[in-house]
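Welcome! Please take a look at the model below, and then we will walk through one helix pair and its surroundings.

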Amino acid sequence: MTTTAPRRPGPHGTATRGRVAELHAIRAQALRGPGEEATAAQHAKGKLTARERIALLLDPDSFQEVGQLRRHRATGFGLEANKPYTDGVVTGWGLVEGRTVFVYAHDFRIFGGALGEAHAQKIHKIMDMAVAAGAPLVSLNDGAGARIQEGVCALAGYGGIFQRNTRASGVIPQISVMLGPCAGGAAYSPALTDFVFMVRDTSQMFITGPDVVKAVTGEEITHNALGGADVHAQTSGVCHFAYDDEQTCLAEVRYLLSMLPQNNRQSPPRTACTDPAGRRGDVLADLVPADGSRPYDMTEVIAELVDDGDFLEVHEHWAPNIICALARLDGQAVAIVANQPRHLAGVLDIAASEKAARFVQTCDAFNIPLLTLLDVPGFLPGVGQEHGGIIRHGAKLLYAYCNATVPRISLVLRKAYGGAYIVMDSQSTGADLTYAWPANEIAVMGAEGAANVIFRRRIASAADPEAMRARMVKEYKAELMHPYYAAERGLVDDVIDPAETREVLIESLAMLRTKHADLPSRKHGNPPQ
């Protein structure tokens, strides 16, 4: 047996090892960032660093960075002497519950997260990779807008992001997480994505900040009052989810991703379900009052129907008279659109129509079946609504439903009146299956209003108008609003026992899982705006 003596490194090996050591030193510098003082300043604001955020978003040790050694090449204004690695944005991919997700995160410690040419090119590359790989893209935003020192090159970088946001729309899920300021043109990228998350107190979005607003209009307002999380979650509708801290926010991003497919060619992941498909919901008959004028909480109905009572409400605080939520039925992801009788009696108004239309379009793009729960008295009347364009905005919801090709099931819990009934996925607009509970009232309008129109002369000429009105209301209800009127005419497929609703819905979704529907050949539709 012979042994070989250890080989001594030659001059070439020594040089190579020196280069490797240099590489490790550079990588360590890139990972460290601008230093402990900048990191401490970030933490003092209640904010995490870009890499800390990525670690919370992705599965442990799954992040693969791209462009770590990228540096800008700009000169002037002192930039040539300050060329940090990453150029203020960390980009790459990793796993969320074992599935690939692409991510970019602004590093506020470097140039305030401001976007320059190299910074933008890194984002462009990771967006292109996400589309090519067919995987979701999550942006962790914490930047001060365009890097002024680089001039128009920075602005052109935003144009490239906007174009990619648009091309990726409906192809891969795009999620924007606002973890700091986002002002000017930078705010348009989140607006082009599918879902926007914000953190209270630390994140703001606006086109023009408080100083500009004061200079132009004389109004004085704080950053949070102008574009904080609650403003966009409750008033503008820009933000879908608002949370108190970054940890909770990023955990909810992971939860949302678990409900979404990788791309528009796949279905959402199905999970194992321990909640029996045939579980009866006897409590449902008590949750919904038979009296159509009495309010109730539709979220309690949803919780009783879905797996383990668990659902994720989208835009919870904006247009609360309609509910948009993601949940599971027998492990299958489903999108729920439901009127909320606790707010404005569940009417459709401008904001509710916009909210539901966007949600329906998003879910249709990503192959998530639609379940619509109706208890709607109609569209909200009023001068403000008419002048605000309720016709145009209501048509958005109508268009979204009519254009959807995913499985569509609607259920009338109680009342469904007028145009609002037709708009909210009625059989005539293409719903695959329509069900109703025994207390349903499907009609052009409520019995009282209908009687006042149809029998106004008879009521006016009666010796006792009120008694005649009550008689005519009763007659109208008996003739046109009894629970089986729509079913007898084929406008409802079945009237079901509320306690059996979960089982009926699960069996219907199972049958529709292989549904295939084609839209007419066209460049694109022209939905109402």
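## Two helices that cross

In this predicted model, the axes of helix α3 (residues 50-57) and helix α10 (residues 246-259) cross at roughly 45° and come within 9 Å. That angle makes α3 oblique to α10, oblique being whatever is left after under 35 degrees (roughly parallel), over 145 (roughly antiparallel) and 65 to 115 (roughly perpendicular). Helices here are DSSP runs of H or I with at least four residues, and strands are runs of E with at least two.

Which residues in α3 meet α10? They are Arg53, Leu56 and Leu57, and their partners in α10 are Glu246, Gln247, Leu250, Val253 and Arg254. The residues of this contact divide into four nonpolar, one polar and three charged. Contact means heavy atoms within 4.5 Å.

## A look at Leu57

Leu57 sits in helix α3 and counts as buried because its relative accessibility is 0%; the limit for buried is under 20%, found with a 1.4 Å probe and protein chains only. Leaving aside neighbours within four places in sequence, Leu57 touches Val96, Val103, Val138, Leu250, Val253 and Arg254. Leu57 and Gln247 lie 190 residues apart in sequence, yet 8.9 Å apart in space, C-alpha to C-alpha.

## The whole chain

The protein chain has 21 helices and 17 strands. Of its 529 residues, 49% count as buried.

## How to read the values

Residues are numbered from 1 along each chain as its sequence is written, and side-chain values use heavy atoms, without hydrogens and water. Local features need pLDDT of at least 70 and side-chain atom pairs 80 or more, while totals for chains, interfaces and linings use all residues.

Technical notes: Axes are lines fitted to C-alpha atoms, for helices over the stretch in contact, and angles run from 0 to 180 degrees between N-to-C directions. Ala, Val, Leu, Ile, Met, Phe, Trp, Tyr, Cys and Pro count as nonpolar, Asp, Glu, Lys and Arg as charged, and the others, Gly among them, as polar. Buried means under 20% relative accessible area, exposed over 50%, partly exposed in between (1.4 Å probe, protein chains only).
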